[in-house]
Amino acid sequence: MIGMIKRILIVEDDPAISHSFAAFLKRKGYDVECAVDGVEGLRRLRKSAFDLVVSDIMMPRLNGLDFLAAVKEESADLPVVMVTGFAELETAITAMKKGAVDFVTKPFSYDQMEHNIRRILRSSPVTYLHDDDDGLHARLNRKVRELSILYTINEALENADRIDDLFTTITELAREITEAQSCAFYIADQENALYYLKNQSPERDKDTRPPFFSLDAAIAEHLKMEHALTWAGPHETAFYRDAAPKDTDVDSLLIAPLYVRNESFGILAVENRNGKNGRFTASDINFIHILLKKAALHIENNALCETIYKNLVDTLQSLVTTLEAKDKYTERHSHRVTQISLLIARRLGCSAEEINTLQFAAALHDIGKIGISDAILQKAGRLTDTEYEIIKQHPVIGERILQPLGMLPHEKAVIRHHHERWDGNGYPDGLAGRDIPYLARIVSLADAYDAMTSDRVYRKRLSHETALAEIKRNAWYQFDGNMVEAFFSICQDQDRALEHIMAKSA
């Protein structure tokens, strides 16, 4: 009956395992009973009905294989999943010949086991039971392949020492496992349903695949509830056209989310299974889920969070560099703004912590421009009012892009508020005076100076002297006057540090 609670019997002689796994399954909505061995398991089966049995193999009184045979004599259609601490292929073959629908080795992920249980319960018993010799042979071959793939996944992830290696491994393995033409991993900006390219396979797609794309809100929402979604045919995959490599038709597509510590981290997109129009299979979905789950555990268990953070920042900085490289007038702008900001901060006596915050945030102050159309960013001439309003959103977009990284409040404040003005006429929030975060005031001045002394598509650069005069004129209007004073003192230094930065970055 649709909606009926499924009943599961766990037969396991280790009470710590059986009770914790039972508690997990109960939280997932199942009705669960436990038996300490095969004898008690048979007694419970004769007393009440169950939808599925999970049984250990090594047990006292009646071992798992004999228990399995007894279950099949009494209830041939009841699916039984066998569990063992020894990954022996011969044992797996014996268990499946006796009628087991699946064979799992310890230690196993409760989440993955529950995923398998749902898959089995959704399938017709005929799918697993009453096999003739050919059907059993096919199922055994699938199990051998599955064990081989699981071994490959474990080995490959264990050998991925660096975070970049991990993402390379994920995309290459996903492609290999599903026999797909291409694969890409994207970092998620949850609030805007934007996804930024991190890694892809094959690498030759590097220059043809867009650096980011947006995902329909309904699809993004479904990914929170599903392990993966699949589409087949050009009509179904049309939404993905802007994300695919140029001149590539995506006829079949699988997208699966990666969660780290229950937070959305990114998505894996696998494209064109075998180059055909057919859908990715349930087996493909299962393996991709296993791959991403183990990747998440690998990240957590090996304490890579700090490395991930650094590498994600490096990725974002690379995106800024790519963005600026599209326009010769803004090339290395963020680098110069960072160096000028650090000069001002040191002159003002900022702490080491504030210096570190600036070093990070100033380099990414324009990351939000990734979400702005190139047609606006590179427009030859003045912007219309509408276009200017769009440009003014880049600080907000930048803050949202970086939100999942768990940045400190001071770092987020620099990204969001580097276009505020002392007189309150800035954006995005119209903050004024000392309500503007201190470090954002520093970046605001550095950003303005570099913009004035750089060629732009709509005007030639201003001279250093003209820019200084403009900054002085706007002290206590656009800029914090104390910042202006510190900047002027830097310009008067005999070591000419500012000129050195500008010349080195040219």
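**Notebook: helix H19, a sheet and two cores**

I began with helix H19, residues 464-473, and found His464, Ala467, Leu468 and Ile471 buried. They sit on the same side of H19, because the arc they cover around the axis is only 100°. That fits the general rule: an α-helix has 3.6 residues a turn, so residues three or four places apart point the same way. I then checked the face of H19 turned away from the buried side, and there I met the exposed residues Glu465 and Arg473. A reminder to myself: this is a predicted model.

Next I turned to the core. Which residues touch the most other members of the largest nonpolar core? Among its 48 residues, they are Ile344, Leu364, Ile367, Ile442, Ile471 and Phe487. Ile471 is one of the buried residues of H19, too. Helix H18 (residues 438-452) gives this core its largest share, 8 residues. I looked up Ile344 as well: leaving aside neighbours within four places in sequence, its contacts are Ile442, Leu445, Ala486, Phe487 and Ile490. Another core, of 28 residues, lies apart from that one, and its members include Ala174, Leu258, Val260 and Leu292.

Last, I traced the strands. I noted an open sheet of 6 strands with antiparallel pairing, in the order S8-S7-S6-S11-S10-S9. Strand S8 (212-214) and strand S9 (229-232) are its edge strands, each pairing on one side only. On average, neighbouring strands here are turned by 25° against each other, direction ignored. I followed one pair further: S6 (residues 180-189) and S11 (residues 263-273) run antiparallel over 7 bridges. In this pair, Ala180 stands opposite Arg273 of S11.

Notes. Residues are numbered from 1 along each chain as its sequence is written. This is a predicted model: local features need pLDDT of at least 70, side-chain atom pairs count only at pLDDT 80 or more; totals for chains, interfaces and linings use all residues. Side-chain values use heavy atoms; hydrogens and water are left out. Buried means under 20% relative accessible area, exposed over 50%, partly exposed in between (1.4 Å probe, protein chains only). Helices (H or I, at least four residues) and strands (E, at least two) are DSSP runs, numbered from the N terminus. The arc is that of the directions from the helix axis to the C-beta atoms. Two strands pair if DSSP finds at least two bridges between them. Axes are lines fitted to C-alpha atoms, for helices over the stretch in contact, and angles run from 0 to 180 degrees between N-to-C directions. A nonpolar core is a set of buried Ala, Val, Leu, Ile, Met, Phe, Trp, Tyr and Cys residues joined through side-chain atoms within 4.5 Å. Contact means heavy atoms within 4.5 Å.
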